[in-house]
Structures are given as C-alpha cells and as structure tokens.
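Thanks for coming. I will talk through one structure, a few strands and a few residues at a time. Please look at the display while I speak.

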Amino acid sequence: MRAILVKDGKGPVDNLYLGEAETPSPGPGQVLVKVKVFGLNRMDILQREGKYPMPPGAPTILGVEFSGHVVQAGEGATEWREGDEVFGLAMGGAYAEYILAPHRNLIKKPAHLSWVEAASLPEVFLTAFQALVVLAEVKEGDDVLVHAGASGVGIAAIQLARFYGANTVTATASTREKLDMLLGLPSGATHVVNYKTQNFADEVKKATGGKGVDVIIDFVGQSHWEKNIDSLAYDGRMTLLALLSGAVVPNFNIAPILFKRLRIQGSTLRARSEDYQADLIARFKKEALDHITGSSGNGRIRTYIHKVYPWTEIQEAHREMEADKNSGKIMVEVV
C-alpha cells in the first residue's frame with residue numbers, strides 16, 4: 001500500500017514522503033479500513049521529530065484519526081461488514097491507504113457528516129471529552145478556562161463546556177483573529193484573552209466576579225503554571241494535556257493547591273488500553289455525538305475545518321501546523 005513515511009525514521013518536515021509499506025491484515029478484534037481522510041495532530045509532528053513516547057505495539061506510520069470504508073473484519077469483530085462507512089481512532093497508521101483499528105474504536109459515519117468532518121472528530125473531541133467531562137467533571141454552572149482555544153482540541157473543549165452548561169468559558173489565544181473567531185462561534189467562548197498581552201488570571205477573575213474558574217484545560221505547562229494556579233477557584237480542577245512551553249517549573253508555592261483544595265491531573269489518550277478507549281468512545285457516542293454537525297450545520301456542537309490538503313502536499317500540511325496558523329482542524333485526503 002501507499003503511505004506517508006519518514007526518511008531515516010525521524011527528522012524535519014522535508015523527510016516526509018509518499019512511499020510503499022506492507023498492507024496490514026486484521027487479527028482478532030481488529031478491522032481493516034481503507035482510509036479516505038486523516039487528521040493532523042501535534043503528536044504527529046513530535047513523532048516525526050522522534051520526540052513522542054510511542055505506546056508499545058504502535059505502528060511507526062503517523063496518524064491516529066481517520067474515516068473510510070471497512071475492507072475486512074477480523075475474528076470477533078462481528079458488528080462490521082465490508083463497505084461500512086466508519087470513522088475512528090487507532091494507535092497509529094492513519095497516514096496510509098489502509099489502517100488497522102480495534103473494532104470498538106470505530107463509529108458508524110453519520111450521513112450528515114462528510115468524510116472530512118467525520119475524520120476530524122476522534123482525536124480532538126475524545127481528548128476534550130476525556131479532559132473536560134470524564135476527568136474534570138464539568139457541570140452546569142461551572143466557569144471554565146481553555147488554553148490554546150483555537151486549536152482543534154481547544155475548539156472542541158469550548159463547545160463541550162457550553163454544551164454541558166458552563167456559566168462562562170474563557171479561551172486564550174495569541175492573535176486578534178483567533179480571539180474574534182472564538183467569540184463568533186455559535187457555541188464559542190464567552191470571554192477571550194490574548195495570553196501574550198494580557199494576564200489571563202486577572203481576566204478570568206474579572207469574568208467570574210473574583211471567584212476564579214472551576215475547570216482549566218491546559219496544553220501549555222511551564223509558562224502558564226503559576227497563573228493557572230492563581231486562576232483556579234476553591235475546589236478547582238485542572239487537566240494537563242501537553243507541555244508546549246516546557247515541563248520544568250523551577251520553584252513555586254504549593255500552598256494554594258492545599259488551601260484551595262485543587263485537583264490537578266495529567267491525561268493522555270493514545271497510550272490508554274483498548275478497553276479504556278472503547279468505554280470512552282461509548283460514553284462520547286451516548287452523550288455528545290448526535291449533537292455534532294459540520295460548521296454549516298445546526299448542531300449544538302460543530303467541527304471546524306481549517307484546511308484540507310491532498311496527501312501529496314503532506315509537507316505543506318505539517319508546515320501549516322508547525323507555524324501555528326490553524327484555527328480548527330487540518331485534514332488530509334488520500335488521493
């Protein structure tokens with residue numbers, strides 16, 4: 001099969017190329033899918049650079065989210081038939097003509113979602129759902145702060161917070177264009193902050209009458225740490241999803257964690273067990289999936305596509321993400 005490969009196993013964007021790889025065969029509980037569209041995620045860049053800790057057994061081919069047709073179901077994957085239209089999540093291998101996925105990680109593609117829209121959902125919406133709903137236990141009336149608001153996960157988290165009844169949702173981003181976009185979404189942020197020019201801890205206190213936020217979804221780490229702790233209300237919960245600014249905070253006062261009764265939790269998804277991922281997907285389907293449409297639909301939650309590339313332009317797609325130009329998902333079609 002054809003697949004996007006990385007010359008020398010890792011390296012800069014110029015090392016990406018369209019080559020040949022062995023077509024996988026489904027084992028027990030697995031399904032082989034012919035890929036139509038796959039999504040880009042920041043982990044793909046880290047993996048390409050050799051900086052991502054790969055889960056045991058993960059394919060070396062990049063990519064975790066996709067849409068396409070079922071080609072073959074392995075033993076025990078009795079709910080799927082050849083030709084079924086699906087989208088889903090895998091440990092890797094989506095940058096290819098064919099991918100193997102656990103049978104419980106596939107979802108039937110709703111007719112109202114395009115192939116691109118369906119493929120844009122799994123990684124960002126499941127990551128946001130896990131961080132916000134499962135771990136931070138967002139509830140009606142909560143005040144929420146979402147960092148990297150214009151990223152795919154950020155946009156998903158903002159909308160999910162509104163869907164679950166948040167009182168305020170403050171989003172951070174780095175440009176006026178992104179901030180305006182987040183305010184303009186039908187279920188977008190209620191407040192926005194330019195983290196480069198404003199102190200987001202001060203701004204969330206203004207938005208919440210001095211209380212602070214109940215939930216923070218953070219991708220940034222080191223540079224935001226102290227302001228995050230300052231931003232949290234009593235009994236606040238923070239889920240850490242990434243460490244874009246670095247992992248080491250030289251020194252800080254841990255007393256607020258104790259006295260404000262804060263709960264801080266790290267979260268990953270790719271390295272989770274198949275059972276965990278299957279349970280997460282089942283809950284997401286039950287609670288949220290039916291409310292999601294494309295950007296031109298009327299869903300309470302929508303998926304927003306920044307740009308679609310043919311996979312012959314995979315280097316340009318990676319450059320777009322590396323330059324932090326996207327507001328919404330960068331998607332790639334297998335052509």
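Strand S11, residues 213-218, pairs with S12 in the parallel sense, over 5 bridges. This is a predicted model, so please keep that in mind throughout. One pair in this ladder is easy to look up: Asp218 has Leu240 in S12 as its bridge partner. To get from S11 to S12 the chain passes through helix H7, residues 225-231, and this β-α-β crossover is right-handed.

On its other pairing, S12 is joined by 4 bridges to strand S13, residues 263-266, and these two strands also run parallel. There, Arg237 stands opposite Arg263 in S13.

Is S12 largely enclosed or not? Of its 9 residues, 7 are buried, so the strand is largely enclosed by the rest of the structure.

One residue in S12 deserves a separate word. Asp235 lies in this strand, which covers residues 232-240. Asp235 has a positive phi of about 65 degrees, although it is not a glycine. For background, most residues other than glycine have a negative phi. As for its surroundings, Asp235 is partly exposed, with a relative accessible area of 38%.

There is another residue of this kind. Asp8 has a positive phi of about 65 degrees, and it is not a glycine either. Where does Asp8 lie? It is in the loop between strand S1, residues 2-6, and strand S2, residues 16-20. Asp8 is exposed, with a relative accessible area of 67%.

Back to helix H7, the one in the crossover. Asn228 lies in that helix. Is Asn228 buried or exposed? Asn228 is buried, since its relative accessible area is 0%, and the cut-off for buried is under 20%. Which residues does Asn228 touch, not counting those up to four places away in sequence? They are Leu145, His147, Phe200, Ile216, Asp218 and Met238. You have already met Asp218, as the bridge partner of Leu240.

Next, strand S9, residues 168-173. Here 6 of the 6 residues are buried, so S9 is largely enclosed by the rest of the structure. Its side chains go two ways: Thr168, Thr170 and Thr172 point one way, while Val169, Ala171 and Ala173 point the other way. Both sets are buried.

S9 has pairing partners as well. Strand S8, residues 143-146, pairs with S9 in the parallel sense over 4 bridges, and in S9 the bridge partner of Asp143 is Thr168. S8, helix H4 (residues 152-163) and S9 make a right-handed β-α-β unit.

S9 also pairs with strand S10, residues 191-194, again in the parallel sense and over 4 bridges. Thr172 has Val193 in S10 as its bridge partner. The stretch S9, helix H5 (residues 176-184) and S10 is a right-handed β-α-β unit too.

Now the end of the chain. Val335 lies in the segment after strand S17, which is 329-333. What is Val335 in contact with, leaving aside neighbours within four places in sequence? The list is Arg2, Pro310, Trp311 and Thr312. Glu177 is another matter: it is 158 residues from Val335 along the chain, and their C-alpha atoms are separated by 32 Å.

Finally, the whole protein. How many helices and strands does it have? There are 10 helices and 17 strands. The radius of gyration is 20 Å, close to the 20 Å that the globule rule gives for 335 residues, so the protein is as compact as a globular protein of that length. Along its principal axes, the C-alpha trace spans about 55 × 40 × 35 Å.

Buried residues make up 55% of the 335. The accessible surface comes to about 14,300 Å², and 50% of that belongs to carbon and sulfur atoms. If you take contacts between residues at least 6 apart in sequence, 68% of them join residues at least 24 apart.

One item comes from a record. An unreviewed UniProt entry carries the annotation "domain: Enoyl reductase (ER)" for residues 11-332. Over those residues the chain is 28% helix and 27% strand, and the end C-alpha atoms are 20 Å apart.

That is the tour. If you want one place to start on your own, try S12, with S11 paired to it in parallel and S13 joined to it by 4 bridges.

Notes:
Residues are numbered from 1 along each chain as its sequence is written. This is a predicted model: local features need pLDDT of at least 70, side-chain atom pairs count only at pLDDT 80 or more; totals for chains, interfaces and linings use all residues. Side-chain values use heavy atoms; hydrogens and water are left out. Buried means under 20% relative accessible area, exposed over 50%, partly exposed in between (1.4 Å probe, protein chains only). Two strands pair if DSSP finds at least two bridges between them. A crossover is right-handed if, with the strands pointing away from the viewer, the path from the first strand over the helix to the second runs clockwise. UniProt positions are given in the numbering used here, feature names are shortened, and annotations may be inferred rather than shown by experiment. The radius of gyration is taken over C-alpha atoms; the globule rule is 2.2 Å times the number of residues to the power 0.38. Contact means heavy atoms within 4.5 Å. Accessible areas come from the Shrake-Rupley method with a 1.4 Å probe; for residues, only the protein chains shown count as cover.
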